[in-house]
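Here is a friendly walk through a few spots that reward a look in the viewer. Have the sequence and the 3D view open side by side.

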Amino acid sequence: MNLSGIVVICQPPKLSAVSKALSELPGVEVHFEDRDQGKIIVVQEALSIAAEMNGLRRIKALPGVVLADMMYHYFEDDPEILEGLTKSRGKQPMGESDVIPPLPIR
Amino acid sequence: MTVSRRNFLKAGIAASTASMAGLTLTPAALSAAQETEKEWQWDKGVCRFCGTGCGLMLATRNGRVVAQKGDVENSVNRGWQCVKGYFNAKIMYGQDRLTQPLMRMKDGKFHKEGNFIAVSWEQAFDEMERQFRRAYAEKGPEGVACFGSGQWTVQEGYAMNKLFKAGFRANMVDPNARNCMASAVAGFYSTFGTDEPAGNYMDIEHTDTMVLWGANMAEMHTVLWARVMNRRLANPNVRVVNLSTFRNMSSDGADLEIIFKPNSDLAILNYLAREVIARDAVNWDFVNKHTIFATGPYDIGYGLRADPEGKWTFPEEADVVAKELKVALDKHEAIGQRRQEGEVVEQNSRGNPGAHWSISFEDYKKALEPYTLEFVAEVAKGDDSESIEEFKRKLRELADLFVDQQRKVVSFWTMGINQHTRGTWANEQIYAVHLLLGKQSQPGNGAFSLTGQPSACGTAREVGTFAHRLPADRVIPNPAHRQYTEEQWKVPAKTISPKVGSFYAKIMRDLQDGSVKWAWVQVNNPWHTHPNANHWIAAARKSDNFIVVSEAYPGISAKVADLILPVAMIFEKYGAYGNAERRTQHWREMVPPPGNAKGDLWQVLEFSKRFTVGDFWGEQTVPGLKAAGYEDNKLPSVLADAEAMGYKPTDSLYKVLFATPDNMQYKWPDPVAKGGGNHTSEALGDGWFVEKALWQEYVPFGRGIGKDLADYDVYLRDDVRGLRWPVVDGKEGTWRFNEEYDPYVTKGAGFEFYGKLLKAIPSGDLDKVTNPEPVGLPGKAKIFFRPYSAPVEQPDENYNLWFSTGRVLEHWHSGTMTRRVPELHRSVPAAVLWIHPDDARERGLQRNDLVWLESRRGKVQIRVETGGRNTMPKGTVYAPFFDEGVFINKVCIDSACPISKESDYKKCAVKVYKA
Ligand code: SF4
């Protein structure tokens, strides 16, 4: 599971509409709003990392959104990292390496 | 994970993000943020990717990084990060991370054609040493070389530089930064006499006009671009101009977009300079006090390997390579250079392309005369679908913005200008326009050369890990600079060779012709990223070469290697980077490296233990060495002097160069570590704090000459987020060369370009030197005239399209790291070829079709893209180079700026047809 803290910036008059649209996106929770600055803070939860990236792209594409970016990223339980950890943290076994594929020469 | 734990985390992350974004929070929300983060250990870090140098905060738990946020305390990014930055931590956890040395073996022994077998460090270093001694014995000091990096930490670059230049007595170190900003350096040297920008990122908030010269900041310097866009949104008067050879993402945020033909930036810049004069907008007070006019030869070649016998050239590329020695001027060059069309010009100044001399203002003006609006529009208009009138209107508008007395102007550039067969010239021309207007070295006014790599400035340039450089603006050919360096390093006089070593491309060529037989690669991927790659891969695999590659992931260079050494990555080691605004940022080791991986610095030091000064400090034969005070082709023995200094021939390089009595005073552990580990010091096991000691050894080089760095502990303080040099009296630098801001400027001078390099030059007219007597010009900058020059290879009937390459937002360089992050990989999995829909149609191609992209040098298969983030003008195609499955550098030409030796990745001729 990945959690990301995202700042969304919109034109202040459109804040309510953008906030509503955000809260309707899957995995997205609106936590804070600042009407004067036109800023909305959301947390996005995504199972796979690809879903997380697509989610950000969806947020950026909402009408009224000027800028949206992740500022905070939590990935302690990310399954892909856990797999990477178990595979690579130990010493590679002495013997022929299976990680070097052949050279791409013409 | 339980629901309540998840909600707890979310509330904390939301509150923390909100406070980073400047929202006012209730005490309850604030305490939620603190509660969540309590279990983690936070420390400051710096982004491992681009030259912007964003600050990060990393959270660790149980020996690994678990969370990351932008650093709000860091003035570079104020908490923001781009999509690459966001994955700094994750790149350490890819599944194919290398954690054990791997060597090509057959029957239990090293064998060039063997398969990669995991070996111990001991075995790895044994073979590496054996091969090193063989190459050195056969070829001498210049038979060994190092491909270094602008991604080296400062200390890593410093150590390797010292090992080669003082230990091995070979200036055979050159960084990949050569292919990234060497033209910028050459431009700084020739114009100002000292390297690195005068301005800083606050220029963005001070200016009202920003001009992008072939720099797609929206994708390449994303966080700076966010600052540019903020500035533009906040102030209706701000104008942004994007000059490019195709429409890219930066165009979306620009008020004016100018699509020009490859190399015609040279003409556009001359048009601007001409216009400044024609409109009587020259700031004469500034120009008279602080500048002189200069020019140099035009017949300087194209940086290709001159090869009249065709020994090193594919038959298909011979026609282009032949131009290296002789070229017929085309119509536009002839006009721009005041010559006749078709005139054949022998490239006689190839030997000294950077020579230059002062000229009068009258000559300067005369040289610019041909660059009228009519002429430049004809040379430069890059989009067929645009009318010439519209294009002229845009050029005029650009000139209006520059000359407007009310406007401040900042020019930004990186690869479009630097990776250019006339890259040094183009840098100089941008300065020329700013200097003529007096719009330089002031808040919001200045030509600002950005960098691509995180420590291109901090390591490659400041430490001087180039074949011709020494720390802090010192250069190999200058005897006083060598002497100073030898004294600092406490090595005998004449230890350092007076001969400039091989630049990056030359090391490739040296491997090809067998003059170099041993090479060590650190923190870069030369066989993926150097253009015309088919030649270099074949050269590296020649039977008697030995290639060592220190790597984290198996990229193309690792596959080319004979020995792969697994490295510690970014937060697995102590380090420091210097960014594009001269900000030096240090970080601590936060997590241990995996398995048997070890940092590049440990590798250098450990390898140095295997050699003694007696191995290198006797007399050496160096073919081609010619310098005052030296016998030709010889480096003298310095062993007698060494003994007088108290060294024995049996002393190890480790002891003499690194673990010196001075350095051993910096003990490990040290309180700045706050109890954390340091695998470098711990693995060496002799109780010194390597990174701190080397930093303290390095800083005196820049002190008192305008490049002052602070002491080590200052950078590690919690309240410091890097410091811009020069750091004088505890205050960081802001705008260089300006009396109001720069303590190095003489009181009362106003401005002073106090750089010392290339400051005594002869004088002459536009064509030649007329008085060879050098005249000094202390405190002055040079305004250069440089003419339009056509690209050495241009589309013809066979190869009928322009081709350009570069990065994409989501991937870093050759993708060895970013392609490990699944989400980055999935968002842009394979490189695509952007092409104009008409060009696709004419070739019977549709979006997603697989095609061959072919040049004289090689071909690759790639899929076609007619939409998306880039819009190509007719006749030009673009593909990024990150993807080793689409090995773009087989196609690219290895022409380069002859002055800076930086390759031109931005233009060659190709054909595209269905696969
Ligand atoms: S802009 Fe550059 S330094 Fe900043 S986060 Fe992105 S890649 Fe890193």
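## Cysteines without partners

The sulfur of B:C908 sits 5.3 Å from the closest cysteine sulfur, which belongs to B:C892, and that is too far for a bond. B:C908 is also buried, with 2% relative accessibility (buried is under 20% relative accessible area, exposed over 50%, partly exposed in between, with a 1.4 Å probe and protein chains only).

For B:C180, the closest cysteine sulfur is in B:C457, 9.1 Å away, again too far for a bond. B:C180 counts as buried at 5% relative accessibility. Searching the whole structure gives 0 disulfides over all chains (a disulfide being a pair of cysteine sulfur atoms within 2.5 Å).

This is a predicted model, in which local features need pLDDT of at least 70 and side-chain atom pairs count only at pLDDT 80 or more, while totals for chains, interfaces and linings use all residues. Residues are numbered from 1 along each chain as its sequence is written, chains are lettered from A and ligands numbered from 1 in the order written, and side-chain values use heavy atoms, leaving out hydrogens and water.

## A buried asparagine

B:N579 counts as buried, at 1% relative accessibility. Among the residues that B:N579 touches are B:G51, B:T52, B:Y201 and B:C457 (contact means heavy atoms within 4.5 Å), not counting residues up to four places away in sequence.

## Around B:F803

B:F803 touches residues including B:L833, B:L853, B:C892 and B:C908, leaving aside residues up to four places away in sequence. Both cysteines of the 5.3 Å sulfur pair, B:C908 and B:C892, are thus found among the contacts of B:F803.
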